[in-house]
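Look through the structure below before reading on. The text then takes a helix, a sheet and a single tyrosine in turn.

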Amino acid sequence: MSNTVHFQARGRTVVGCTLLVIALGASVTACSGDADNPLSATPYDAAGQISFNGPTEAGKKADPDKPLEVVAEGVDGRITDVTAVDATGRYVAGELAADGARWYSTSPLAANARYTVRVSTENGDGAPGRKVLTFETGRPSAKKTLNVAFGPAAGSYGVGQPITAELSQPVRDRAQRAVVERALKVNSTPAVEGAWYWVDDKKLHYRPREYWPAHATIQVSSALDGIKVGDRMWGGTAEPLKITTDDRVVAVTDATAHTLTVYRDGQEVRRIPVTTGKPGFETRNGVKVVLGKEPFVRMRSSTVGIAEGSSESYDLPVYFATRVTWSGEYVHAAPWSVGSQGAANVSHGCVGMSDANAKWFFGEVQVGDLVEVVNSGGKTMEYFGNGFGDWNLDWAKWRTGSALTGGTADAPTTQEAARLRPAAV
């Protein structure tokens, strides 16, 4: 910012007591009365005790690329507090030196905004001073705008549905990620503890510590518009999002027991005999989130890397297919394996059941509901990229993906076997 203004220091005021010594004794007239107490005085105008690097001329606007700075002038006073807030109520974070000599902003200013800065000081005798400063910021000179698109679409979901944020520009620097993350607001009723996780440079996921509460309302918004994110990059627009959750529905598939048990709000609803992935095609262990429901799917082995004409190839019409991975893992009707359901694992990775049970399951679940697989010989569900495996990260590791809560923002490179039990519903 330009047009730095310097002010002269306020002088120290000395208040003394008069000592009168008399030959026959000593008498002291003591200081008394609130009128002589510097702390009881009305705060004086501290303009002469500070300098501020904002514009002072009418019509001049501050450069939002530059930080604010307030400095105590002279040796007889110090700054005790500074608050800076824009017209929408957004505060500017800052740091005050231990000796009160300087305050400077540590978070970016918004462009095209009006700010009020309130400075508190004290002089050498402890008397309080006050100064209120106002200024406006100009338009950003950046060439890149960082817009945000939230997901999923507005509507009702199961309690496992993560919130997603897609950025229009990559953000790699950790400090810049922190600016973005602070501006992305998620409010749930009932309230829950949650955090963002940087999946990559342009995508974040948000989830609570535990599954969302049933029948919750979740509102997502961004305060990034006009905020400087980094060199030549400024925050842009984002449409707010509102979703709700329905009942807590969890389907636990035990690959060893060959059963799928559906729980609704903690109560067992139905136990279904199933078949899961056979050796070499084991179903993934872990927590998966329902991605969609497809009444009919034509499943071809060639789409998952099995050569046509080989002993493992297939081309089948499949009904009542509930998708849980993008790579083609479903819970679906498998009338050809009814004889093995409840007794053996013979599928190529999907969870198969009878037509009647698949139709019932298809009608019971919705997008965002949870399918947990335990006791399979398969690998753990991928955390990201093949659906929503977010819940397979424990809370401590999830928090490492946040630019605000510490740790690395990179996804872990190893996956632990899921320690899930049917009772965890």
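**A helix, a sheet and a tyrosine**

At the start of helix α1, the backbone nitrogen of Ala175 has a side-chain oxygen of Asp173 within 3.0 Å. This distance, like every other value here, comes from a predicted model.

Helix α1 covers residues 174-183, and its buried residues are Arg177, Ala178, Val179, Val180, Glu181 and Ala183. What lies over them? The cover of these buried residues includes the strands β11 (144-146), β14 (163-167) and β15 (184-189), as well as β16 (194-200), β18 and β19 (228-230).

Further along the chain there is a sheet. Five strands make up this open sheet, and their order across it is β24-β23-β22-β30-β25. The pairing in the sheet is mixed. At the edges are β24 (267-273) and β25 (286-289), each of which pairs on one side only. From one strand to the next, the twist averages 20°.

In general, the strands of a sheet pair through backbone hydrogen bonds, and they may do so either parallel or antiparallel. Strands β23 (residues 259-264) and β24 run antiparallel, and six bridges join them. One residue pair to find on screen is Arg264 and its bridge partner in β24, Gln267.

A helix also packs against these strands. Helix α2 (residues 355-364) lies across β22 (249-254), β23, β24 and β30 (370-374). Relative to β24, helix α2 runs at about 145°.

Now turn to one residue in a loop. Tyr211 sits between β17 (203-208) and β18 (217-222). Is Tyr211 buried or exposed? Its relative accessibility is 15%, and the cut-off for buried is under 20%, so Tyr211 counts as buried.

Which residues does Tyr211 touch? Leaving out residues up to four places away in sequence, Tyr211 touches Val159, Arg248, Val287, Leu370, Glu372 and Trp391. With Glu372, Tyr211 makes a polar contact of 2.9 Å between the two side chains. Arg248 shows how the fold brings distant parts of the chain together: Tyr211 and Arg248 are 37 residues apart in sequence, while their C-alpha atoms are 8.6 Å apart in space.

Finally, consider the confidence of the prediction. The chain has a mean pLDDT of 85, with 84% of its residues at 70 or more. Over residues 1-33, the pLDDT is below 50, and this stretch has 52 contacts in the model beyond near neighbours in sequence. Residues 408-425 also have a pLDDT below 50, with 40 contacts in the model counted beyond near neighbours in sequence.

Key. Residues numbered from 1 in each chain as written. Predicted model: local features only at pLDDT ≥ 70, side-chain atom pairs only at ≥ 80, totals over all residues. Heavy atoms only, no water. Pairing = 2+ DSSP bridges. Helix = DSSP H or I, 4+ residues; strand = E, 2+ residues; numbered from the N terminus. Axes fitted to C-alpha atoms, helices over the stretch in contact; angles between N-to-C directions. Contact = heavy atoms within 4.5 Å. Buried < 20%, exposed > 50% of the residue type's maximum accessible area, 1.4 Å probe, protein only. Polar contact = N/O pair within 3.5 Å; in protein donor to acceptor, adjacent residues only side chain to side chain. pLDDT = per-residue confidence, 0-100.
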